[in-house]
Amino acid sequence: MRASLLALALLAGSAWAQDPVLDKRVAGLAHELRCLVCQNQTLAESNAPLAVDLRNQIREQLKGGASEREVIDFMVARYGDFVLYRPPLKASTLALWIGPFVLLLGGALLLWRRIARRRVPEPQLSDADHARAAKLLE
């Protein structure tokens, strides 16, 4: 049983390795699409089962004659803009593009306010303290 599975795996692997142009196209698309279960990884970088399935689906679509744009459009239609590693700038993705800058600005403002509150004001001397200090300096 194991030998037949190993032979099948080797046969499938050798069939994929026979078309380097297709492999390059699949790899190019896999670098443009995000793994849906991993954090901040492309399909090419991920070894998650879903990423492997999506790479195989890309391969099958390209092998079937679909263009790179058609494959990307299919993935976006199925999974939304989140599947794109670099989502387009539009109203629904505006938070993705502006959010990091807003958070950075908010953090800087909070830090500035906290530092400003920590400053210890110079002690104010009363008239009695001034008189005592003058007497000590004489």
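**Exercise 1. Determine whether Pro87 is buried or exposed, and describe its surroundings.**

Step 1. Pro87 has a relative accessible area of 11% and is therefore buried. Buried means under 20% relative accessible area, exposed means over 50%, and partly exposed lies in between (1.4 Å probe, protein chains only). The model is a predicted one, in which local features need pLDDT of at least 70 and side-chain atom pairs count only at pLDDT 80 or more, while totals for chains, interfaces and linings use all residues. Residues are numbered from 1 along each chain as its sequence is written, and side-chain values use heavy atoms, with hydrogens and water left out.

Step 2. Pro87 is located in the loop between α4 and α5. Helices (H or I, at least four residues) and strands (E, at least two) are DSSP runs, numbered from the N terminus.

Step 3. Apart from neighbours within four places in sequence, Pro87 is in contact with Arg34, Asp81, Thr93, Leu96 and Trp97. Contact means heavy atoms within 4.5 Å. Of these partners, Arg34 is 53 residues from Pro87 in sequence, with a C-alpha to C-alpha separation of 9.9 Å.

**Exercise 2. Describe helix α5 and the nonpolar patch to which Leu96 belongs.**

Step 1. Helix α5 covers residues 94-118 and includes Leu96. From first C-alpha to last, its 25 residues reach 36 Å, close to the 36 Å expected at 1.5 Å a residue; the expected span is 1.5 Å times one less than the number of residues.

Step 2. At Pro100, α5 bends by about 25°. The bend is the angle between axes fitted to the seven residues ending at a residue and the seven starting there.

Step 3. The number of buried residues among the 25 of α5 is zero, so the helix lies largely in the open. Leu96 counts as exposed because its relative accessibility is 56%.

Step 4. Leu96 joins Leu89, Leu94, Trp97, Ile98 and Val102 in a nonpolar surface patch of about 600 Å². Patches are made of residues with over 30% relative accessible area and no salt bridge; like charges are joined within 9 Å, and nonpolar side chains (Val, Leu, Ile, Met, Phe, Trp, Tyr) within 5 Å. Accessible areas come from the Shrake-Rupley method with a 1.4 Å probe, and for residues only the protein chains shown count as cover.

**Exercise 3. State how many salt bridges the whole structure contains, and examine examples.**

Step 1. The search finds four salt bridges. Each is a side-chain nitrogen of Lys or Arg within 4 Å of a carboxyl oxygen of Asp or Glu.

Step 2. One of them joins Arg59 and Asp23, whose closest N and O atoms are 2.7 Å apart. Arg59 belongs to helix α3 (residues 49-63) and Asp23 to helix α2 (residues 20-32), so the pair ties together parts that are 36 residues apart in sequence. Arg59 is buried at 10% relative accessible area, whereas Asp23 is partly exposed at 25%.

Step 3. Another links Glu68 and Arg25 (2.7 Å, N to O). Glu68 lies in helix α4 (residues 68-79) and Arg25 in helix α2, 43 residues apart. Glu68, at 31% relative accessible area, is partly exposed, and Arg25 counts as partly exposed at 27%.

Step 4. Lys90 also forms a salt bridge with Asp81, with 2.8 Å between the closest N and O atoms. Lys90 is partly exposed at 40%, while Asp81 is buried at 17%.
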